[in-house]
There are 4 protein chains.
Amino acid sequence: MKIGVLTGGGDCPGLNAVIRAVVKGATLRYGWEILGIEGGFSGLRVPPHVRVLTPQSVRGILPMGGTILGTTSGNHMITKNRSAEGEDHNPSDEVVEQVKLLGLSGLIAIGGDGTLRVGQYLFERGVPVIGVPKTIDNDIYETDSTFGFHTAVNTATEALDKLHTTAESHRRVIVVEVMGRYAGWIALEAGLAGGADVILIPEIPFQMDVVCKKIMDRYQKGAGFSIVVVAEGAIPVGGEMSVLKRSEDGYVLRLGGMGHKVGQEIADRTQVDVRVTVLGHVQRGGSPVPFDRNLATRFGTAACDLVAAGEFGKMVCLKGGRIESVSLKEATRGLKLIPPDSEEVRSAETLGISFGR
Amino acid sequence: MKIGVLTGGGDCPGLNAVIRAVVKGATLRYGWEILGIEGGFSGLRVPPHVRVLTPQSVRGILPMGGTILGTTSGNHMITKNRSAEGEDHNPSDEVVEQVKLLGLSGLIAIGGDGTLRVGQYLFERGVPVIGVPKTIDNDIYETDSTFGFHTAVNTATEALDKLHTTAESHRRVIVVEVMGRYAGWIALEAGLAGGADVILIPEIPFQMDVVCKKIMDRYQKGAGFSIVVVAEGAIPVGGEMSVLKRSEDGYVLRLGGMGHKVGQEIADRTQVDVRVTVLGHVQRGGSPVPFDRNLATRFGTAACDLVAAGEFGKMVCLKGGRIESVSLKEATRGLKLIPPDSEEVRSAETLGISFGR
Amino acid sequence: MKIGVLTGGGDCPGLNAVIRAVVKGATLRYGWEILGIEGGFSGLRVPPHVRVLTPQSVRGILPMGGTILGTTSGNHMITKNRSAEGEDHNPSDEVVEQVKLLGLSGLIAIGGDGTLRVGQYLFERGVPVIGVPKTIDNDIYETDSTFGFHTAVNTATEALDKLHTTAESHRRVIVVEVMGRYAGWIALEAGLAGGADVILIPEIPFQMDVVCKKIMDRYQKGAGFSIVVVAEGAIPVGGEMSVLKRSEDGYVLRLGGMGHKVGQEIADRTQVDVRVTVLGHVQRGGSPVPFDRNLATRFGTAACDLVAAGEFGKMVCLKGGRIESVSLKEATRGLKLIPPDSEEVRSAETLGISFGR
Amino acid sequence: MKIGVLTGGGDCPGLNAVIRAVVKGATLRYGWEILGIEGGFSGLRVPPHVRVLTPQSVRGILPMGGTILGTTSGNHMITKNRSAEGEDHNPSDEVVEQVKLLGLSGLIAIGGDGTLRVGQYLFERGVPVIGVPKTIDNDIYETDSTFGFHTAVNTATEALDKLHTTAESHRRVIVVEVMGRYAGWIALEAGLAGGADVILIPEIPFQMDVVCKKIMDRYQKGAGFSIVVVAEGAIPVGGEMSVLKRSEDGYVLRLGGMGHKVGQEIADRTQVDVRVTVLGHVQRGGSPVPFDRNLATRFGTAACDLVAAGEFGKMVCLKGGRIESVSLKEATRGLKLIPPDSEEVRSAETLGISFGR
């Protein structure tokens with residue numbers, strides 16, 4: 001029996017740990033052959049880009065960031081109609097065909113919301129897909145947590161720890177933009193852990209005057225500096241500031257994130273000294289923290305078990321500390337957002353942290 | 001209204017984060033006065049060692065290891081009978097008396113199994129105790145996780161990452177003893193994350209010949225090195241090796257941990273080059289990782305809420321991602337151990353990791 | 001006898017270690033009283049902002065980033081003429097006066113080129129100044145190294161390590177802007193350590209087409225990704241791109257650094273996927289690495305020895321592993337730049353790293 | 001033209017960086033073929049263990065600890081007489097022969113004092129050896145610094161930072177044994193950076209009563225805890241405690257290091273609570289810090305330049321920030337020890353640190 005494994009979407013700490021667990025689990029427990037598919041689903045187009053993976057070929061990759069299989073952000077193209085490529089066929093047909101030609105009895109797709117949707121689309125067309133959820137944003141439905149998230153929070157918190165001393169020494173406002181287009185999990189967790197004074201997240205539209213009042217209050221009480229953590233997708237109430245628009249492929253648009261806009265507004269309104277730091281892609285890199293390595297490993301072996309049980313169209317997930325599974329359809333019906341009145345948000349507000357509301 | 005807060009038992013990353021959250025929560029949300037009690041419950045004996053804590057006095061302590069209140073490992077003495085002290089009274093009587101004299105309407109006790117048992121004992125004698133669970137060992141019942149544990153796992157995993165390269169370069173067996181007298185959580189999580197080949201935990205008695213066979217198999221297959229993670233309380237099947245005895249106060253006994261015994265046995269039986277590292281107290285120290293900071297913070301504000309609600313004799317806990325509470329009696333009825341056939345242990349065995357069984 | 005100590009200019013890891021060493025050295029070895037001056041030289045204006053420092057007050061600050069005395073970037077104002085302040089006097093007169101009123105027999109000024117120049121200016125007006133060089137940029141003349149620099153290089157290298165995996169997984173060009181307005185030491189050392197393919201520094205004007213050729217060469221050879229490290233003050237040959245202009249106080253100007261311009265040019269010319277990360281102030285923060293802690297400590301005790309010897313108008317420095325001293329006049333006559341044909345630059349070029357020339 | 005490269009002795013962070021620089025430098029600058037010799041000099045015995053190295057085969061190894069070529073601690077055997085092996089020939093004859101048979105025009109030997117001595121021995125027998133100094137102990141003559149040392153100091157300092165909080169919280173004495181059999185550089189630098197109260201090094205024989213007096217002084221002044229850093233080879237004055245004896249190959253002897261003896265003595269004499277941590281092999285592992293990566297890289301390209309210039313029998317070295325060369329004979333005439341009255345030691349004593357004298 002032969003199965004395939006691929007990684008799609010933005011890279012994320014822990015991808016290699018999943019690949020290693022899939023290869024070791026499939027080989028040592030089940031005796032299957034494993035094909036590694038390069039560059040996400042596009043590795044299953046014509047001609048395919050695949051290579052055989054053995055326990056030897058995944059040796060030493062457990063602590064490594066990135067993915068040895070490469071990835072692509074263009075997963076969505078797979079389901080696009082012909083106009084997108086100017087060709088006379090749907091690219092997903094190629095994938096369905098290649099899975100047959102390669103003789104894959106199972107296809108483990110590790111990726112975020114986009115990759116999982118493509119997985120469901122292909123599953124409906126007969127491809128034996130098993131999904132493994134991946135996102136540093138932690139916004140995938142139906143799983144308590146995703147690997148990569150804790151590493152990203154760790155990276156962001158370390159940055160906040162460093163910025164704290166410089167903010168304090170210079171009595172400055174430091175605005176830090178972290179990842180999170182639709183969900184503010186990184187901003188919330190890193191902000192709470194890094195001692196932020198203001199945390200702005202997409203789930204709670206903010207008011208600039210509330211933010212500035214918080215900062216001025218601190219100055220008047222003698223604290224003299226403030227740390228403002230902004231999720232890249234944070235949104236002001238009622239269009240007070242222009243909403244950030246982003247293109248997946250766009251370089252130019254990345255120049256202007258919400259962090260800079262918030263920083264500029266604070267500088268204009270309060271006259272205090274402001275510095276802005278956009279953490280950017282460092283949040284995607286680095287060696288995964290132990291939690292992420294282990295969740296990734298458990299997801300990998302569980303995905304093999306699902307293949308063995310023939311339970312395709314499903315995604316492995318974490319529920320209450322245990323690895324379970326859920327249908328890809330269920331898992332991709334929406335994004336997991338922060339409830340604006342969750343215990344954690346209220347705990348933060350108790351400590352005096354402002355969400356700009 | 002006035003409340004007290006203390007830290008008992010071995011120190012643990014995140015204690016300061018709880019203290020900070022208790023002080024900020026009690027002051028900013030409830031307007032209470034807070035007394036910090038020094039050196040655990042012994043700070044409530046005659047004469048008491050207490051000091052007033054304000055938001056100003058807990059500034060900057062969120063990322064710091066240790067506890068600004070100090071701690072003591074001698075909590076158990078509180079409940080000892082007179083012979084233990086050679087005096088004519090029970091020390092806990094002093095504590096009950098001091099709580100009244102100081103006018104404490106609530107006493108938040110942050111500590112492990114021992115501290116929480118004393119808390120329950122005092123609660124039964126009328127002291128308005130709220131418990132906050134703390135242990136790097138993660139072995140407290142009725143809470144999914146305790147703060148400090150993830151930091152300890154992180155420290156142990158970083159050590160394993162470092163030892164991996166030296167093991168590989170020299171084709172050695174490296175034995176690493178980690179903390180865990182009764183529960184093997186640190187060994188399991190760090191071993192899995194650090195790519196260990198053998199993990200020995202108290203919950204699964206090990207057979208030395210199975211361990212040595214695993215090591216020799218790896219040599220014969222050309223891997224040439226092995227990483228063996230040993231919880232300090234790991235136990236061989238049927239007394240094959242003498243069981244480790246430890247005294248809470250003993251320095252001398254600490255010289256011989258199970259790590260050294262396992263290392264010596266491997267060296268004797270396999271003739272390979274063995275090195276032993278006992279991680280020791282570095283696992284208790286350091287800045288808490290974000291997960292621990294945030295769990296500690298949420299525990300701290302939740303503990304204040306329990307005081308406000310008058311729900312004494314309870315302990316805050318984490319269940320399925322939410323902060324809840326449970327009676328101290330329930331929480332201290334036993335220790336949370338690793339089920340020998342849990343999904344995580346089986347996942348590890350799938351990857352070829354041996355537990356010596 | 002009484003001496004003063006202050007920190008001026010941008011903050012830098014190791015400032016607290018110097019302060020601690022000055023206080024401990026002056027107290028324990030010489031028995032002097034120490035005044036900590038707050039906010040740089042401006043703490044010596046009317047009214048002065050000073051506080052007594054004792055070994056107790058510097059306890060625990062060795063590993064901490066920032067400065068417990070606060071700092072200010074406005075040191076240069078001290079030497080400005082009246083028009084700068086719209087007042088009828090030179091602010092430095094206040095400082096000279098306050099030093100006398102406070103009875104300071106020595107004034108240890110820890111700072112960069114700007115602070116040291118003010119120190120020399122005040123020394124010429126009779127103030128018993130001793131300088132301690134500080135700059136993360138490593139560009140101070142007459143000392144082999146400055147504390148803070150190794151920590152900044154460490155932070156930048158850790159970021160490069162993280163970005164490497166994401167660059168490789170996505171086959172992207174990652175442009176990383178690091179600090180260094182006039183000198184490219186951070187870019188050179190972090191670029192070399194982080195495996196950069198291109199390093200652009202102020203000392204070697206770069207040609208955009210050489211940079212792009214290097215990147216395209218790598219793509220054609222299959223490497224598929226490139227890491228480009230850009231010092232903020234890197235300059236293209238002959239005004240190919242507009243030279244970066246910065247204001248010390250300006251927030252708006254900081255939005256557009258050379259990193260973004262280089263990234264944009266590469267994207268325009270090569271059509272490859274480019275991402276830009278501006279590391280920013282994280283480079284100034286964090287706990288100093290051991291080298292910086294120890295250099296700072298040795299500078300601190302040596303500064304006390306200079307005060308004791310009455311050798312004012314001097315700066316402590318590191319020469320060939322030993323702490324020596326040099327006149328402030330000598331030390332501030334220019335900046336220490338990277339020789340474009342140094343052995344280290346040539347070593348980098350041997351490895352295939354392009355400096356864009 | 002063809003050259004060889006090998007790594008000998010204990011592993012050390014930065015070995016891979018040298019290998020990478022040698023391979024890239026030799027290939028890209030000189031167009032040579034490179035043979036990687038496995039397991040140190042023993043890879044040049046019969047049969048030889050070698051493999052061709054290309055820029056592709058060293059890709060990604062810059063930040064990795066350990067050595068991709070493997071190493072051996074048995075270098076000394078090479079120069080042993082026949083009785084050591086019970087054979088009728090000197091093993092070094094094999095090496096001389098293999099170098100000829102493999103057609104090596106140069107042999108770059110990366111190693112410590114032992115490896116460099118073998119290099120000199122082989123050079124005298126006609127082998128075109130170039131040495132690259134390596135030791136985490138920093139004790140090689142004729143070079144200001146060796147790579148690996150700063151990484152080891154960093155690891156030890158991070159451990160001290162962690163132990164500080166636990167020592168303070170429990171008011172304990174923590175004894176930390178670090179590497180350094182003959183030279184105390186790691187103990188001195190890590191102890192200074194980690195805020196140690198006592199530092200014991202081989203170069204300054206210590207008196208146990210002076211050590212205990214320092215600890216008791218701190219208790220009486222209210223500090224309540226102490227950090228004692230002990231180099232493994234620290235020696236008491238006049239045999240107060242039995243001198244540590246170690247065997248290169250011995251496992252059993254490693255159980256009893258000077259750290260435990262010092263800890264036991266302090267516990268016996270002062271009755272305070274003592275904990276001992278032996279850092280051990282973690283100090284040899286991990287990703288090299290930037291300084292070590294860059295020194296290793298520069299050593300690697302400089303070694304190629306020496307081969308190209310035909311300057312055999314030499315060792316690359318760092319002098320005053322520049323890479324130079326020195327004869328192997330000079331470099332191996334002794335070990336670089338800490339001068340007991342160096343400015344750095346005196347600076348430490350000024351801060352109140354005791355060396356037990």
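Start where the copies meet: 97% of the interface residues of chain D are also interface residues in chain B, so the two meet through the same surface. "Contact" here means that the C-beta atoms of two residues, placed from the backbone, lie within 7 Å. Before going on, keep in mind that this is a predicted model, in which local features need pLDDT of at least 70 and side-chain atom pairs count only at pLDDT 80 or more, while totals for chains, interfaces and linings use all residues. As for labels, residues are numbered from 1 along each chain as its sequence is written, and chains are lettered from A, with ligands numbered from 1, in the order in which they are written.

Back to the B and D pair. Chain D brings 34 residues to the contact and chain B brings 33 residues. On the chain D side, the elements giving two or more residues are helix H4 (149-170), helix H7 (258-270) and strand E9 (274-278). Helices (H or I, at least four residues) and strands (E, at least two) are DSSP runs, numbered from the N terminus. H4(D) gives the most, with 10 residues. Sort the chain D side by class and you get 10 nonpolar, 17 polar and 7 charged residues. In this scheme Ala, Val, Leu, Ile, Met, Phe, Trp, Tyr, Cys and Pro are nonpolar, Asp, Glu, Lys and Arg are charged, and the others, Gly among them, are polar.

How do the copies relate in space? Chain D superposes on chain B by a rotation of 180° with 0.1 Å of shift along its axis (RMSD 0.0 Å). These superpositions are by least squares on the C-alpha atoms of residues with pLDDT of at least 70 in both copies. For chain B on chain A, a rotation of 180° with 0.0 Å of shift along its axis does the job, again with RMSD 0.0 Å. Chains A and B are thus related as by a two-fold rotation axis. If you want to find that axis from chain B, go to B:Gly320, whose C-alpha is the nearest in the chain at 2.4 Å. The same surface serves both copies here, with 100% of the contact residues of chain B recurring in chain A. Other pairings are empty: chains B and C share no contact, and their closest C-alpha atoms lie 11 Å apart. Chains A and D do not touch either, with their nearest C-alpha atoms 11 Å apart.

Now look inside one copy. Chain A has 10 helices and 11 strands. Of its 357 residues, 62% count as buried, meaning that 20 or more other C-beta atoms lie within 10 Å of a residue's own C-beta, placed from the backbone; 12 or fewer is exposed, and in between is partly exposed. An automatic or database domain assignment sets the domain bounds; for chain A it gives domain 1 (2-147 + 288-331) and domain 2 (150-284). Across the boundary, 13 residues of domain 1 are in contact with 13 residues of domain 2.

Near the end of chain A, helix H10 (residues 343-350) has A:Val345, A:Ser347, A:Ala348 and A:Thr350 buried. The buried residues of H10(A) pack against helix H5 (185-193) and strand E7 (198-200) of chain A, together with helix H1 (15-29) and helix H9 (290-309) of chain B. After H10(A) comes A:Gly352, with a positive phi near 100°.

For the sheet, switch to chain C. Seven strands form an open sheet of mixed pairing, in the order E3-E2-E1-E4-E5-E10-E11; two strands pair if DSSP finds at least two bridges between them. The edges are E3 (50-53) and E11 (322-327), each pairing on one side only. Within the sheet, E1 (residues 2-7) and E2 (residues 33-37) of chain C are parallel over 4 bridges, and C:Val5 stands opposite C:Gly36. In chain D, 4 of the 5 residues of E2 (residues 33-37) are buried, so the strand is largely enclosed by the rest of the structure.

Finally, visit B:Val272, in the loop between helix H8 (258-270) and strand E9 (274-278) of chain B. With 19 C-beta neighbours inside 10 Å, B:Val272 counts as partly exposed. Beyond neighbours within four places in sequence, B:Val272 is in contact with B:Val173, B:Ile215 and B:Tyr219.
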